[in-house]
Amino acid sequence: MDVVAKDGAARYRAPALDKGLDILEVLAATEEGLSQAEIAKALDRTPNEIYRMLDRLTRRQYVRRTSSDRYELSLKLFTLVHQHAPIRRLVPLAMPELREFSRCAQQACHLAIYDRGNVAVIAQVDAPGYWGFSIRVGSAIGLFNTGSGHVLLAFASPRERATMTAEHQLMPHETIPPDLEERLARVKAQGWEIMQSQQTVGVSNLSVPVSGPNGSVIAALTCPYLERLDNTHSPNAEEVIALLRAAAARIRPDGGA
């Protein structure tokens, strides 16, 4: 058995598995699909090296081959993720509340969880009408530069927060704010986060916690708030925060009233 030392600890190598995961990750990072040669170039491998792995991934339906001889991810990984018990329970419970919030607030919203180093969007509802700003389900977002990330950190225990900080890999252009601890203390004290988006001009992140069993926070409910100029009767940011908190309070994965 091949054992190598890495960072002072023993690691078991699985080159074939690594190759398959590398292919999935590079395909996940593109919207257009890639040819076999483009995948090989992105992974610094020859086309022959990845041919068999691509064939197996295609036969197992993790990857699909298009009519233009390009490869792209199928929905199989998405389906598997949503068969995971916590998400399987949370998303159906949350969706009616997300829709009701969107209708009342006239804004989009999304639900995000922390999962093994990443903040992942697991549910999303568009704003009603013909305009809005939203984040796609399955997106990975920053832990330190988003409202969702701040809420998840603020309501984590000190030990959980240390683990989250250590295992999260910074996204492009993401940095750890020097006043992070003060901001998180404020978020926890007031029960929500409101901050200007660090990704999109004109968008404010309004985020509140979603509680699970024993009062633990299991998700963040976030509205990428846009101030409407065409409708003076639409809720303002403070009113949207109240609507968010009410929606979050009605999402009860533990079955409580």
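## The sheet

Two strands are said to pair if DSSP finds at least two bridges between them. In this predicted model, pairing of the antiparallel kind joins six strands into an open sheet with the order β7-β6-β5-β10-β9-β8. The edge strands, β7 (140-141) and β8 (193-196), each pair on one side only. Helix α9, residues 237-250, packs on the sheet and touches β8, β9 (204-211) and β10 (217-225). The direction of α9 makes about 20° with that of β9.

Two of the pairings can be followed in more detail. Strand β5 (residues 109-115) and strand β6 (residues 118-125) are joined in the antiparallel sense over seven bridges, and Val125 in β6 is the bridge partner of Cys109. Between β8 and β9 there are four bridges, again in the antiparallel sense; here Gln196 has Ser204 of β9 as its bridge partner.

## The edge strand β8 and its neighbour

In a regular strand the side chains alternate between the two faces of the sheet. Strand β8 shows such an alternation: Glu193 and Met195 point to one face and are buried, whereas Ile194 and Gln196 point to the other and are not buried.

Asn205 is found in the neighbouring strand β9. Its relative accessibility is 9%, and buried means under 20%, so Asn205 counts as buried. Leaving aside residues up to four places away in sequence, Asn205 touches Glu193, Ile194, Met195 and Ser197, together with Thr146, Gly147 and Cys223.

## The nonpolar cores

The largest nonpolar core has 27 residues, and those with the most contacts inside it are Leu98, Phe101, Leu111, Leu206 and Leu221. At least two residues of this core come from each of α5 (85-105), β5, β6, β9, β10 and α9. Helix α5 gives the most, with seven residues. A second, separate core has 17 residues, among them Val119, Phe144, Val151 and Ala154.

Leu206 illustrates the surroundings of one residue of the largest core. Not counting residues up to four places away in sequence, Leu206 touches Glu193 and Ile194, then Leu221, Thr222, Cys223 and Tyr225, and finally Ala237, Val240, Ile241 and Leu244.

## Helix packing

Two packed helices are described by the angle between their axes and the distance between the axes. For helix α6 (residues 147-154) and helix α7 (residues 158-167), the angle is about 140° and the axes are 9 Å apart. Angles over 145 degrees would count as roughly antiparallel, and those of 65 to 115 as roughly perpendicular; α6 and α7 are therefore oblique to each other. Leu152, Leu153 and Ala154 of α6 make the contact with Arg161, Met164 and Thr165 of α7.

Another helix, α3, covers residues 47-59 and contains Glu49. Glu49 counts as partly exposed because its relative accessibility is 35%. Although Glu49 and Lys19 are 30 residues apart along the chain, their C-alpha atoms are separated by 9.1 Å.

## The chain as a whole

The chain has nine helices and ten strands. Of its 257 residues, 41% count as buried. The chain exposes about 15,100 Å², and 52% of this area is supplied by carbon and sulfur atoms. Among contacts with a separation of 6 or more, 54% are accounted for by residues 24 or more positions apart.

Terms used: Residues numbered from 1 in each chain as written. Predicted model: local features only at pLDDT ≥ 70, side-chain atom pairs only at ≥ 80, totals over all residues. Heavy atoms only, no water. Contact = heavy atoms within 4.5 Å. Axes fitted to C-alpha atoms, helices over the stretch in contact; angles between N-to-C directions. Buried < 20%, exposed > 50% of the residue type's maximum accessible area, 1.4 Å probe, protein only. Areas by Shrake-Rupley, 256 points an atom, 1.4 Å probe, with all protein chains shown as cover. Core = buried A, V, L, I, M, F, W, Y, C linked by side-chain atoms within 4.5 Å. Parallel < 35°, antiparallel > 145°, perpendicular 65-115°, else oblique.
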